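Me: I am new to this structure and would like to learn how its features are read. Could you take me through it step by step?

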Amino acid sequence: MAEIEQTVIADIVGRLPQLIPWNREELLGQEISLMIVCAGFEERAVAIVDEIADTKVKHLLIVEYPTNTEDNASAIARLESIPSATRSRVKYDRSTFLSEICHKIEAHAGEGEDVLIDVSAMASYVTSRVLKALWDKSAAANTRLFYAEAREYHPTNADWTKFFSRVTDPEDNLSIAESYEATYFQSRGVEETYECDAFPGRNEGPLATELIAIPSFSLQRVKSMTTFAEARYNVTQRSIHWFLGSPPDKVKNGWRFDAIAKLYNVRSGGVSVDTRDYRDVVRKLDEAWGEALRNERHLVIAGMGSKMQNVGVFLFLSMHPECGLLHCEPKEFIAGRYTDGVGPKWCLNIGRVGEIKDLLLSRGRLSFRW
Amino acid sequence: MLPDRELLNQLEASPLAGRSLTINWRNDRRSYVIIRQIGRGQTAIAWKIEDSIGRAYALKIVLKAEYSTHSLDAEARWASALDSIRFARIDFYGDVNLETTNIDLTAFYGVVVDWIAGPTLQAFIADDRNTVDGNVFCSLAKDLCQVLQELRTCNPRLTHNDLHDRNILIYPRTDPLAQHSSHHLAVIDTGQLKSIDRRDALIEAWHNQCSALEAVGNADLSENIQNLKRRLNWFARTDQEWVVCHLCGLYNKMLSSMSRLSPSDKRFLRDLPELLRRMVDPDHSRRIDDPAQMYREIETLWRDSIGAGTAQMTTPFDLPSAELIRSDRQLMTLFSEEYPRIDACRSSSPLYIYGPRGSGKSTILRSLSIKALLASENPKEELEKIPFLGIYLSSSQELRSRFWLMKESDFSALEGHVVRYFNLLLIEALVDTFDSIHTVATTKSLGDAAGSLGTMTTTIAHECARAIRTRLAIDQSAIHYAGTSELTTLKHDIQRSRDDLWIRLLDKSEPSHRPDAQLVFDVVRDLESAWPVLMSRRIVFLIDDYSNQRIPRGLQQRLNQAITFSKQGSPIFKVTSEYDGVDLEGVQEGREVSEVNVGFEYVSLTGTRRYQFLQNVLEKRFEYCNAPINLLTVLPLSRIGPVIPMATAIRDSHRADKRFYYHGLDTISDLCSGDFAMGIDVVRRVFEHASVNWKQPRVIPPQKQDEAIREYAKQEFEYIRHQSQDGRKKYEIADRLCWLSKECILSREVMKDKKLVPLVKNYIDVSETALRDLEHQYPDSAVLLHELTRTGVLFPIQPSRAMEARDATRRYMIRRILLARYTSALGRHRPIRIDNVQRLLWLLTDPRTFVLNELGVRSEDSTPATAVEAEPEANRTVDRQKRLFPEDEEDGGN
């Protein structure tokens, strides 16, 4: 009896690799052809150094940020201490970064070679481009992601409670913004908000646009992206879908979900998305995509979520490149009010990039079976 | 037992190219020359051969032992019954003799079949260069269903029984008259062709054999059992199942380029799987397996996919801006003839149209396009209004997202690529428009209404396509699929070429050639030769959103090379931008262009019936949603003049400790500052806030209107605050200017017609000298001022750019909706004069002290109002203001 099966998102998500605890033993004696790290000011930015002490690295690529130069200096020095045959540094510049990283990856990550990427201190606008370059230029490489959580994230519960108790009109966005911006949690100012060159999207039709906002506590940057979407694509307030981060450790960080909802005045319709299990954001974005397909809408994502959510957003966009991605770069990160310490360390063994690519592209494909 | 196929391997290993062979059958004998091997299957090898006069054929050499279940004669007889171009015809068959060789071919038959040049369906799907859209899918689905139908209608009913994707070839066919080619599909290899009855009997026999062998339970027989099962598994597949399988393959092919597909294609893709499933439904009563019905369902789905989306307005307030309106028909139905300066826009002259965001520039430009005219309800009448052939292109679609990250130096280094990219976009839009005209002309869907456009025959379309291919150096040999247009194929080829170019741009691979800005001009000249109608109905490119607000300034300067504003030019260009959006530097004849400031009439607030455009726009929308309305019965006019009468009403309300209500369609229209998309949105909010169902409208009280308007104003402020570039600074400037405006009304008066009236200060006169000095001495602040106008916080209120230059003063007004936050009048009265750079800098860097100073300035005949003295009063009535700026209360007292 003949039958037709369609690959649905559950088939894909079920085959995506799980995030597993980092085990340094696994890399013992192995050779990493290319290791990409990001020199941020957070303590977790250098957590990888000890973890690969017994692993050979052929080429080390350090990505430097143009902001917080002094704050980042110690991380650069520490990362430079990783023994490697050759090394290079790329200073992040949004107009050249994608092509630079493409050339580096092409040069150092050949067929069957191992690539290790530390996303612990990678901003969303770096992650999307690094992974895009890897996808396009090195489909035959074997890839692992290293991810160190922070021990504490800012704002702390106490910071937040103190701030929110002073807001006189919690339902008024301007009132919240006025009070919140003065606190300078996480970052200060907006350098630029823009459509990502790796995922500019393609609105054939054109169709009316809806925005999926994955917010963080950087209110000014998130608001800048929603404003940008309004100006560029006529996205109304009603057309913004809020994907609110749901931390896995509910007891310690569960309050952050409610806090983000309050910060952005999301009173109904917010979607809870796991901050650690990147597959959750893939699944939920895909659901939104299906809904947009039914309602004939174009989707743009304003991604400011967690590191692993950024990975999930990238995978989703690889599956549906017609959707666009927005980035917002701050003028400055507030090093003292970002994160503290190093928490659990994780590994995402992506394996051969080409295989994951094929898996993602199988979304919706029909299989005819006899 | 299976035949010994090792013989096939030996034959395949023999070098046969160039050798002569003969085929003998009874008394007939034919000679051929072997050209090359073209394929190898499980049961046969195929070669390309030629007869003595050079005609090509395919020769299939197959083991005689394969004919255990049927005879070669029977195969030929069945095949000849299929009198269709969908099957490769058997020309001859028989025993094979190879000349001048000792290779023994007595174990083989040779079957000579029509030569079909083209890839197999398998290769076609695997080739990344091929794309499948809805049209191609339907075309190939039709051919596949025809194949099924042919087999079914034979007597007796036949089955091909081996309809896999390597037995289907895609081949081109050229129309001898029109000289254009199209793709078709043909089935080859009739080796397993048989009657359905025969097939069923064989299947049953193999089943029985298999059961018998399994019953013996001898391990030595296991290989035979497996072979039988394999054979059963393969030949039990029906032709209909094979066709559905191929439809799934074509679906997957289409899916692989989903991100590039049109909304119609996406709709089709979305709904197709369910239909395909029904074609193999296990419940035979539900299964769609009749070939005619299969195709009919597919075609209906495609037609519905194309037709859907033309009436997707669920309320009159949907799709407030033209770029959201997909359907040209819908756009034309909603288009208001009350549009300002419509005649100037419809002339054949080059034009630069500018105005505030949402003023309808895109709507008017799209309404001039041929595609929109053809889609309108009365195309003949609409076509008579427009003397040219308009081709619409939105810059925001393909230029905005891609180029903004490039550096100025990249634009110089990659200028050749950039200019070509733009040319390709223009030509792609041109081809798309020609394709629409061709469809209308060949289907005669408009009858005589198409007028001269009806002369776009398939031959002319072919000539046009050929001319464009030549100019763009795009492969001339490209062919398209039956049922699709050659121009569609060309459009896809141009898209592909553009995508390739984009990769080179991303890689920053510098062009080896200089920019050819004349490419589009050359193409248009060639097209005029191919289609003389273009001599009288000239091609006009309608470039929408050509604003440096949307595309980088450096890019615009490069692209200007490809544009001309010459009245005698061909093509002619009409462009739109927001205020100050086009740097005409580099545009050929740039100084000669006529300018239309579309927003001016509505921004100046001088016409007495200026609300009528918004009224007409909205009423058309209600009518479109089958709810005709007289909007004035819901939002009756306030009849409060926007300047002194409104200021007086505000002041009087304040003194009486009452609230002033913004209300009435006239006030809403004035609040929009020419942004009619905003007007639609404000009216929507008013309806929603008052809980008035638009299908059963009733009058909305002024208080409800006012509340919705003020909430809108607050959101606008939030929007400004969070704009990425200096949002906070812009917010503070706007906020303070609005505060000043209100404060002047409450605390200052001037003499007018021998009466004391409130002073209204909500616009700025800035001298050109101050602006120039700001540019030179304080470039950062100049950027901020530019940003304020670019984002519409301040908008210019001179009737044209020429006037701006002559007046030696630039006049900017605060966006009117913002004034509602503090309650101020909307029209112009007395300016805030800024004659030198230091004052301008003061406003931009410290707006708080600037406005306090301005409030204290005794301008001309103004005087503190007797009742309120000079104390800033806005804080008394705007609670929000008190909370946000508590320090103002102290400052205000000074």
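**Confidence and conventions**

Reply: Among the elements of chain A, the lowest mean pLDDT, 76, belongs to strand 9 (residues 187–188) of chain A, and the highest, 97, to helix 12 (residues 307–319) of chain A. Here pLDDT is the predictor's confidence in each residue, from 0 to 100, and helices (H or I, at least four residues) and strands (E, at least two) are DSSP runs, numbered from the N terminus. This is a predicted model, in which local features need pLDDT of at least 70 and side-chain atom pairs count only at pLDDT 80 or more, while totals for chains, interfaces and linings use all residues. Residues are numbered from 1 along each chain as its sequence is written, and chains are lettered from A and ligands numbered from 1 in the order in which they are written.

Me: What is the mean pLDDT of chain A as a whole?

Reply: Where pLDDT is low, the predicted coordinates should not be read in detail. For chain A the mean is 91, and 99% of its residues reach 70 or more.

Me: How many residues does each chain give to the contact?

Reply: Two residues are in contact if their C-beta atoms, placed from the backbone, lie within 7 Å. By that rule chain A gives 45 residues and chain B gives 47 residues. On the side of chain A that touches chain B, the largest share, six residues, comes from helix 8 of chain A. That side divides into 18 nonpolar, 14 polar and 13 charged residues, where Ala, Val, Leu, Ile, Met, Phe, Trp, Tyr, Cys and Pro count as nonpolar, Asp, Glu, Lys and Arg as charged, and the others, Gly among them, as polar.

Me: At what angle do helix 7 of chain A and helix 28 of chain B pack?

Reply: Axes are lines fitted to C-alpha atoms, for helices over the stretch in contact, and angles run from 0 to 180 degrees between N-to-C directions. Helix 7 (residues 173–181) of chain A and helix 28 (residues 702–721) of chain B pack at an angle of about 30 degrees, with their axes 9 Å apart. These two helices are therefore roughly parallel to each other, since angles under 35 degrees count as roughly parallel, over 145 as roughly antiparallel, 65 to 115 as roughly perpendicular and the rest as oblique. In this packing N173(A), L174(A) and A177(A) meet K714(B), F717(B), E718(B) and R721(B), a set that divides into three nonpolar, one polar and three charged residues.

Me: In what order do the strands of the six-stranded sheet in chain A lie?

Reply: Strands of a sheet pair through backbone hydrogen bonds, either parallel or antiparallel, and two strands are taken to pair if DSSP finds at least two bridges between them. The open sheet of six strands in chain A has the order 10-15-14-11-12-13, with mixed pairing. Its edge strands, strand 10 and strand 13 (271–274) of chain A, each pair on one side only. Within chain A, strand 11 (residues 208–214) and strand 14 (residues 297–303) run parallel and are joined by seven bridges, and I214(A) stands opposite G303(A) in strand 14 of chain A.

Me: How many residues lie between the strands of the hairpin formed by strand 17 and strand 18 of chain B?

Reply: There are two residues between them. Strand 17 (residues 748–752) and strand 18 (residues 755–758) of chain B run antiparallel and are joined by four bridges, with K752(B) opposite K755(B).

Me: Which backbone angles stand out in the loop between strand 17 and strand 18 of chain B, and which peptide bonds are cis?

Reply: Most residues other than glycine have a negative phi, and most peptide bonds are trans. D753(B), which is not a glycine, has a positive phi of about 50 degrees, and phi of K754(B) is near 65 degrees, also a positive value. D753(B) is exposed, with 6 other C-beta atoms within 10 Å, and K754(B) is exposed, with 5; a residue is buried if 20 or more other C-beta atoms lie within 10 Å of its own, exposed if 12 or fewer, and partly exposed in between, with C-beta atoms placed from the backbone. The peptide bond from H154(A) to P155(A) is cis, with omega near -5 degrees, and a cis peptide bond also joins N155(B) and P156(B), where omega is about 0 degrees.
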